[in-house]
Amino acid sequence: MSAFYDEVQEIKAQYPDWRSATLPALRLAQEKHGYLSPDALRECAEALGTTPAFCESVASFYDMYHLRPVGRHLVEVCTNVSCALVGAQQVLEGFERELGIRAGETTGDGEVTLRTIECLGGCGWATIVAIDNKYRTHVMPDGVQAIVEGLRNGD
Amino acid sequence: MATEVREIVMADAGERDLTKLAEYEAIGGYQALQKARGMTPAAIIDELNASELRGRGGAFFPTGRKWSFVPKPDQNPNPHYLVVNADESEPGSFKDNEIMARVPHRFLEGCLITAHAVDSQNVFIYIRGEYTGPYEVLVGALEELHARADLRGDVTIVLHRGAGAYICGEETALLESLEGKRGQPRTKPPFPAVQGLYASPTVVNNVETMATVPPIITMGGAEYAQLGVPDSRGTRLVSLSGHVANGGNYEIENGVSLRDMIYDLGGGVPGGRQLKAVIPGGSSTSILRYDEIDVGYDFNSLLKLDTAMGSAGVIVLDDRCCMVQLGIRVNEFYEHESCGKCTPCREGTRWMTQILRRLEAGDAEQHELDLLLDVCDRINGKCLCPLGETAAIAVASYVEKFREEFQTHIDEGGCPFGDSSPLHDVLAPVAQHTHHPTATVPA
């Protein structure tokens, strides 16, 4: 069996019920496959001992699971109230200009997906931008160019 | 009451790196746990009752009383669970983020004391999926703890990561999610204390509540209750954001003036602008006008103004902000996060956005303002959980407190603020899905 399968078995052992391993298993499958493709869901279901349909029904509820392909990098700009008050929309538009795409889209080379996201829990350090799930705080529109260059240079 | 920082939960975190077990032990860390293990569960609950600690997640339920609802082991043979709600997602709140990142051991010590108090050997910490930073700190702290049998005893602590859903901060939705399902709230009763995780007795507590437990055991409940004001004892981590010079978390004694918090600790409204409004406890709470902030930041004082401390996220808005735009952005959040189970919330939040957008565009007729409030009314009290209700209450409060501004949108056929308001045309995720569906990635 695969390393993925073994890892899911270890996770299952942490809980009184195998089902609790569903979210962690989906996360692992997504890390392995890039997104939750039909193959990823099948592998996940096999490791959990359930059906791909169950896995998809759970995955479709949560924002962090991608049921469609996303870029190699994920840029998420919080546009909730606290970030919006200090200019999150301008930050978002800065990313749209630099990347040449609209929010919700992926660059033509498949490198970067840009999207807005709801409150990331860093309101006092706005604007918060999550780059591949790592927070950047106090992002200003004039700081966007450097972030995008960093992504393109593989930092 | 003086407006100064009073650190109980965050004590010593400014001077030392308390993410390290050795540093935490050097300031007396985990001694409260040793003391608590020498006490009976009933004695610990008595101490919590004496402290008058109320839950810091937002509902403000007395912590000791919550623990006392858990059946004793001889009354219910199922295992008892402690589930920690670290799914902090309320717009405006970011305190648990900082607690987990800077005082992880105080938080974990609180979990271990609580586990002892409710006869539990299994602790699950449900941390929101986006909190990568705090998660990594907790992983490190747990590794240190696992190497110390004298501290962890017979308790296992499992870190469980969420995957992006505000609703999972609601305790029964959190339990569903922890059981590996879609995070949709359950009917109550039965309450989690009786039938929670895997239908077993379960206590669900917030991160800040847990991190407050060790200091209470150390100083004694009676002394902790000396802090703060009646019905709101002790300290609170307040998250300041929006139009304040110094945004951030500040631990204060309950009852300090909201105005002093904003102007003394937060440094006031930047850019020489005027204060317009304050959202006092995260976006789910009713708004206060600029002339209503001479109020104590405590449960009773805010209740008199029909609002609440909620999860202590104070959002400050200056005079450029349009209240209709605020309504749109706040409501779009709830529309996006509605789990879809109850019709009034799922449909009502969408209708509210539509009416608010018509108001903002100047297309709304006079009766639509009442229609908006009517939709709010038809959500209130008609759902399993408070998500839709909080959207309705928040938006209705903007109309109530700034009715003349909503009326101007109708009378003038448009927004008097337009793009001079920072909330103008902000792209929310719910609108992004509608207008810019995810593009296909080239192979």
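Domain bounds come from an automatic or database domain assignment. In this predicted model, that assignment splits chain A into domain 1 (3-59) and domain 2 (73-152). The C-alpha centres of the two domains of chain A sit 29 Å apart. On the confidence side, the predictor gives the complex an ipTM of 0.97 and a pTM of 0.96. Chain B has a mean pLDDT of 96, with 97% of its residues reaching 70 or more.

Chain A comes first. Its secondary structure adds up to seven helices and four strands, and reading along the sequence gives the pattern α-α-α-α-β-α-α-β-β-β-α. The C-alpha trace of chain A spans about 50 × 35 × 25 Å along its principal axes. Of the 155 residues in chain A, 48% are buried. Looking at contacts in chain A between residues at least 6 apart in sequence, 53% link residues at least 24 apart.

Helix α6 of chain A (residues 88-99) is a handy one to check by arithmetic. Its twelve residues, at 1.5 Å a residue, should span 16 Å, and because the end C-alpha atoms are indeed 16 Å apart, the two values agree. The buried residues of α6(A) are Ala88(A), Gln89(A), Val91(A), Leu92(A), Gly94(A), Phe95(A) and Leu99(A). What do these buried residues pack against? Their partners in chain A are β1 (73-78), α5 (81-85), β2 (112-117), β3 (129-131) and α7 (144-152). Just past the end of α6(A) comes Gly100(A), with a positive phi of about 70°.

The loops of chain A have some details of their own. In the loop between β2 and β3 of chain A lies Thr127(A), which is joined to Ala126(A) by a cis peptide bond with omega of about -5°. Another loop, between β4 (134-136) and α7 of chain A, holds Asp142(A). Is Asp142(A) buried or exposed? Asp142(A) counts as exposed because it has 10 C-beta neighbours inside 10 Å, and the cut-off for exposed is 12 or fewer. Asp142(A) and Val75(A) are 67 residues apart along the chain, and their C-alpha atoms are separated by 16 Å.

Now for the place where the chains meet. The contact takes 57 residues from chain B and 54 residues from chain A. On the side of chain B that touches chain A, the elements giving two or more residues are α7 (132-146), β3 (156-161), α9 (171-178), β7 (235-242), β8 (248-253), β11 (313-318), α14 (323-337) and α19 (429-435) of chain B. The largest share of that side, five residues, comes from α14(B). By type, the residues on the side of chain B that touches chain A divide into 24 nonpolar, 24 polar and nine charged.

The largest nonpolar core has 184 residues, and those with the most contacts inside it are Ala25(A), Leu26(A), Val83(B), Val84(B), Cys111(B) and Val395(B). Helix α17 of chain B (residues 387-401) gives the most to this core, namely eight residues. Leaving aside residues up to four places away in sequence, Val395(B) touches Gly327(B), Val330(B), Asn331(B), Met352(B) and Cys376(B).

Helix α5 of chain B (residues 95-102) is mostly covered, with six of its eight residues buried. These are Lys95(B), Asp96(B), Asn97(B), Glu98(B), Ile99(B) and Met100(B). The buried residues of α5(B) pack against β1 (81-86), α6 (104-117), α7, α10 (207-219), β7 and β8 of chain B.

Finally, some backbone oddities turn up in chain B. Most residues other than glycine have a negative phi, and most peptide bonds are trans. The loop between α9 and β4 (202-206) of chain B contains Pro189(B), and a cis peptide bond with omega of about -5° joins Lys188(B) to Pro189(B). Tyr198(B) also has its place in the loop between α9 and β4 of chain B; although not a glycine, Tyr198(B) has a positive phi of about 50°. Tyr198(B) is partly exposed, because 18 other C-beta atoms lie within 10 Å. Ala199(B) is likewise found in the loop between α9 and β4 of chain B, and its phi is near 60°, a positive value in a residue other than glycine. Ala199(B) has 12 other C-beta atoms within 10 Å and is therefore exposed.

Notes: Residues are numbered from 1 along each chain as its sequence is written. Chains are lettered from A and ligands numbered from 1 in the order in which they are written. This is a predicted model: local features need pLDDT of at least 70, side-chain atom pairs count only at pLDDT 80 or more; totals for chains, interfaces and linings use all residues. pLDDT is the predictor's confidence in each residue, from 0 to 100. The expected span of a helix is 1.5 Å times one less than its number of residues. A residue is buried if 20 or more other C-beta atoms lie within 10 Å of its own, exposed if 12 or fewer, and partly exposed in between; C-beta atoms are placed from the backbone. Two residues are in contact if their C-beta atoms, placed from the backbone, lie within 7 Å. Ala, Val, Leu, Ile, Met, Phe, Trp, Tyr, Cys and Pro count as nonpolar, Asp, Glu, Lys and Arg as charged, and the others, Gly among them, as polar. A nonpolar core is a set of buried Ala, Val, Leu, Ile, Met, Phe, Trp, Tyr and Cys residues joined through C-beta atoms within 7 Å.
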